[in-house]
Amino acid sequence: MQCGVKCRRAAGQAQAGRAGTLARKQGEFMLDESEIESCYLGQFIPLHYHHNMLADQSRMHGFKSAIAYAVRPGAKVLELGGGTGVLSFFAAAKAEKVWCVEFNPDMVKEARRLLAMNLNGHKVEVVHADAFEYLPPEPVDVVICEMIHVAMLREKQVEMIESFKRRYLERFGGPLPVFVPEAIIMAVQPLQQDCDFDGFYAPIVQFQENSVIHTGTVELAPPSVYRMLDFTLSNEMTIAWDGKFVADRSGTLNALRFITKNVLAVVPELSSTIDWLNHYMTLPLANPVQVKAGDVLQVSFQYRAGGSIASLQATLQAKVLYEFALQPRQHGPAFA
Ligand SMILES: C[S@@+](CC[C@H](N)C(=O)[O-])C[C@H]1O[C@@H](n2cnc3c(N)ncnc32)[C@H](O)[C@@H]1O
């Protein structure tokens with residue numbers, strides 16, 4: 001969203017030969033990782049985008065319920081990346097004190113203005129700081145952090161929580177606070193994806209609502225979980241996967257759908273969780289492959305949490321490992 005001049009300048013520099021790894025891989029007009037980060041909506045979300053987040057009911061309802069569950073009366077709460085302050089506002093309904101850390105000065109001003117108009121806003125202290133450096137003045141019971149993008153790309157959730165835990169334990173010792181979200185489950189699914197837009201063929205990244213049927217999408221196999229992150233444990237920044245699917249339909253495998261379920265709170269007394277499912281992200285494959293029902297497909301990719309979508313896309317590989325017709329007849333799964 002900060003594109004425009006800065007983007008064009010960066011693109012010019014890339015053309016001039018200062019291009020990084022990605023640029024070298026994909027051609028001289030591509031931006032490198034740091035340029036992508038500074039040119040597009042990534043770590044810092046501009047003010048005009050916050051309405052979309054406030055209007056996203058599944059996100060809002062999920063966080064509201066999870067925070068109501070996790071924050072006990074009188075609790076001390078820290079929010080990392082407060083934006084408008086809405087999640088701190090939810091926490092302030094029960095908490096005694098909330099520290100709401102935000103880096104973007106426009107959002108700091110806005111959060112202070114909005115919280116002053118809302119119930120319990122006086123319990124929230126909006127702190128203008130880099131959450132990678134900030135620690136609260138005393139131990140807290142709950143930490144809320146919503147720096148979440150599908151597949152943990154672009155925004156810095158994983159790195160932020162890992163940094164926070166390290167610094168918090170050094171300063172205060174244990175125990176760690178409860179995290180909202182507590183965990184993330186990520187899955188991938190092979191698709192035949194229609195890329196026709198009114199006659200214009202455009203195989204580009206697509207974000208899809210997860211609660212509707214997409215007529216242009218054929219699911220070629222059920223999704224497979226490729227990584228679970230539990231924020232109470234330490235998590236690797238590199239996410240790599242090499243796995244197999246058995247196609248249950250024939251079609252053209254031309255895209256992979258990335259699915260991200262955020263476990264906002266675990267509710268053991270109900271043997272349940274409070275979840276928020278991100279929009280699906282569908283990435284086109286550079287080399288589509290024809291598949292038949294029963295074929296064994298091999299899919300692999302690798303990226304760094306917080307990296308760009310392009311960095312993941314550049315590593316996507318999919319192929320038919322065994323054709324159904326050529327497999328020896330057997331009773332168990334072909335690749336067991
Ligand atoms: C996805 S928004 C969520 C905002 C708000 N918590 C909500 O749920 O509506 C992430 C917020 O984190 C802020 N942010 C990103 N990196 C940060 C950092 N290093 N320190 C503090 N805030 C940061 C962004 O400016 C943005 O407002």
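A crossover between two strands is called right-handed if, with the strands pointing away from the viewer, the path from the first strand over the helix to the second runs clockwise. Keep that in mind while touring this model, which is predicted.

Begin by selecting strand E1, residues 76-80, together with helix H6, residues 86-92, and strand E2, residues 97-102; E1, H6 and E2 make a right-handed β-α-β unit. Now hide the helix and look at the two strands, where E1 and E2 run parallel and are joined by 5 bridges. To find one of these pairings, select Lys76, whose bridge partner in E2 is Lys97.

Next, stay on E2 and add strand E3, residues 124-128, which runs parallel to E2 and is joined to it by 5 bridges. Selecting Trp99 leads you to Glu125, its bridge partner in E3. If you then follow the chain from E2 to E3, you pass through helix H7, residues 105-116, and this β-α-β crossover is right-handed as well. Is E2, which pairs with both E1 and E3, mostly covered or mostly open? Colouring by burial shows that E2 is mostly covered, with 5 of its 6 residues buried.

Finally, select the ligand and the 21 residues around it, of which Gly81, Gly83, Phe103, Asn104 and Ala131 come nearest. Helix H6 and strand E2, already visited above, are the elements that give two or more residues to this shell. Colouring the shell by residue type divides it into 11 nonpolar, 6 polar and 4 charged residues.

How values were computed: Residues numbered from 1 in each chain as written. Predicted model: local features only at pLDDT ≥ 70, side-chain atom pairs only at ≥ 80, totals over all residues. Near = placed C-beta within 6 Å. Helix = DSSP H or I, 4+ residues; strand = E, 2+ residues; numbered from the N terminus. Nonpolar A, V, L, I, M, F, W, Y, C, P; charged D, E, K, R; others polar. Buried ≥ 20, exposed ≤ 12 C-beta atoms within 10 Å, placed from the backbone. Pairing = 2+ DSSP bridges.
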